[in-house]
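Subject: Handover of a structure and summary of findings

Dear colleague,

Please find below the structure that I am handing over to you. A summary of what was found in it follows.

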Amino acid sequence: MMGRREERIFRLNDEIRALMHSEDLAAEELIMLEHLDDDAQRDLATYDQPMDRADAKETSGDVERMQQHVEDLRSEREKLESKRDRLLKKIE
């Protein structure tokens with residue numbers, strides 16, 4: 001029969017796995033957004049039209065928001081990994 005710590009470790013592992021999956025998806029989306037932003041910034045530099053400025057501003061903001069989201073997911077995952085590691089040490 002498993003104890004409370006072991007059950008908690010399994011739950012943490014599930015949460016960590018879910019965060020890793022979300023982090024991977026967000027990182028892939030960030031790559032796509034960075035490509036779109038590169039195109040928008042290039043158009044702005046080439047044509048410098050009001051629509052290009054608006055697009056460049058929007059895509060730049062999208063990249064910044066997604067970078068923050070990826071970092072938040074990474075930070076949350078690292079906190080859970082630390083918590084899990086502390087529980088593992090208590091079991092040993």
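A residue is called buried when its relative accessible area is under 20%, exposed when that area is over 50%, and partly exposed in between. By this rule Glu76, with a relative accessible area of 31%, is partly exposed. Please bear in mind throughout that the model is predicted.

Position of Glu76 and Glu7

Glu76 is found in helix 2. Its C-alpha atom is separated by 7.8 Å from that of Leu19, although the two residues are 57 residues apart along the chain. Another pair concerns Glu7, whose place is in helix 1. Glu7 and His21 are 14 residues apart in sequence, and their C-alpha atoms are 21 Å apart in space. As for accessibility, Glu7 has a relative value of 35% and therefore counts as partly exposed.

Salt bridges

How many salt bridges does a search of the whole structure find? The search finds ten. As general background, side chains of opposite charge can pair when their charged atoms come close.

One of the ten salt bridges joins the side chains of Arg74 and Glu23, with an N to O distance of 3.4 Å. Arg74 lies in helix 2, which covers residues 50–91, and Glu23 lies in helix 1, which covers residues 4–47, so this pair ties together parts that are 51 residues apart in sequence. The two partners may also be described by their accessibility: Arg74 is partly exposed at a relative accessible area of 29%, whereas Glu23 counts as buried at 9%.

Glu23 also meets Arg77 in a salt bridge between their side chains, at 2.7 Å from N to O. Since Glu23 lies in helix 1 and Arg77 in helix 2, this pair ties together parts that are 54 residues apart in sequence. Are Glu23 and Arg77 buried or exposed? Both of these residues are buried. The side chains of Glu23 and Arg77 are likewise joined by a polar contact of 2.7 Å.

A further salt bridge lies within a single helix. Arg42 pairs with Asp39, and the closest N and O atoms of the two are 3.0 Å apart. Arg42 and Asp39 are three residues apart in helix 1, which means that about one helical turn separates them. Asp39 has a relative accessibility of 38% and so counts as partly exposed.

Which residues are joined into one network by salt bridges that share partners? They are Glu23, Glu71, Arg74, Arg77 and Glu81.

Backbone at Asp48

Asp48 has a positive phi of about 50°, although this residue is not a glycine. Where is Asp48 found? Asp48 is in the loop between helix 1 and helix 2. With a relative accessibility of 46%, Asp48 counts as partly exposed.

Positive surface patch

Arg5, Lys83, Arg86 and Lys90 form a positive surface patch. Helix 2 contributes the largest share of this patch, namely three residues. Arg5 has its place in helix 1. The relative accessibility of Arg5 is 42%, so this residue counts as partly exposed.

Summary

For convenience, the salt bridges described individually above are listed here.

- Arg74 and Glu23: 3.4 Å, N to O.
- Glu23 and Arg77: 2.7 Å, N to O.
- Arg42 and Asp39: 3.0 Å between the closest N and O atoms.

Glu23 appears in the pair with Arg74 and in the pair with Arg77, and Glu23 belongs to the network of salt bridges that share partners. The loop between helix 1 and helix 2 holds Asp48, whose phi is positive at about 50°. The positive surface patch includes Arg5, whose place is in helix 1.

Yours sincerely,

Note on methods:
Residues numbered from 1 in each chain as written. Predicted model: local features only at pLDDT ≥ 70, side-chain atom pairs only at ≥ 80, totals over all residues. Heavy atoms only, no water. Salt bridge = Lys/Arg side-chain N within 4 Å of Asp/Glu carboxyl O. Helix = DSSP H or I, 4+ residues; strand = E, 2+ residues; numbered from the N terminus. Buried < 20%, exposed > 50% of the residue type's maximum accessible area, 1.4 Å probe, protein only. Patch = residues over 30% accessible without salt bridge, like charges linked within 9 Å, V, L, I, M, F, W, Y side chains within 5 Å. Areas by Shrake-Rupley, 256 points an atom, 1.4 Å probe, with all protein chains shown as cover. Lys, Arg positive; Asp, Glu negative; His and termini not counted. Charge placed at Lys NZ, Arg CZ, Asp CG, Glu CD. Polar contact = N/O pair within 3.5 Å; in protein donor to acceptor, adjacent residues only side chain to side chain.
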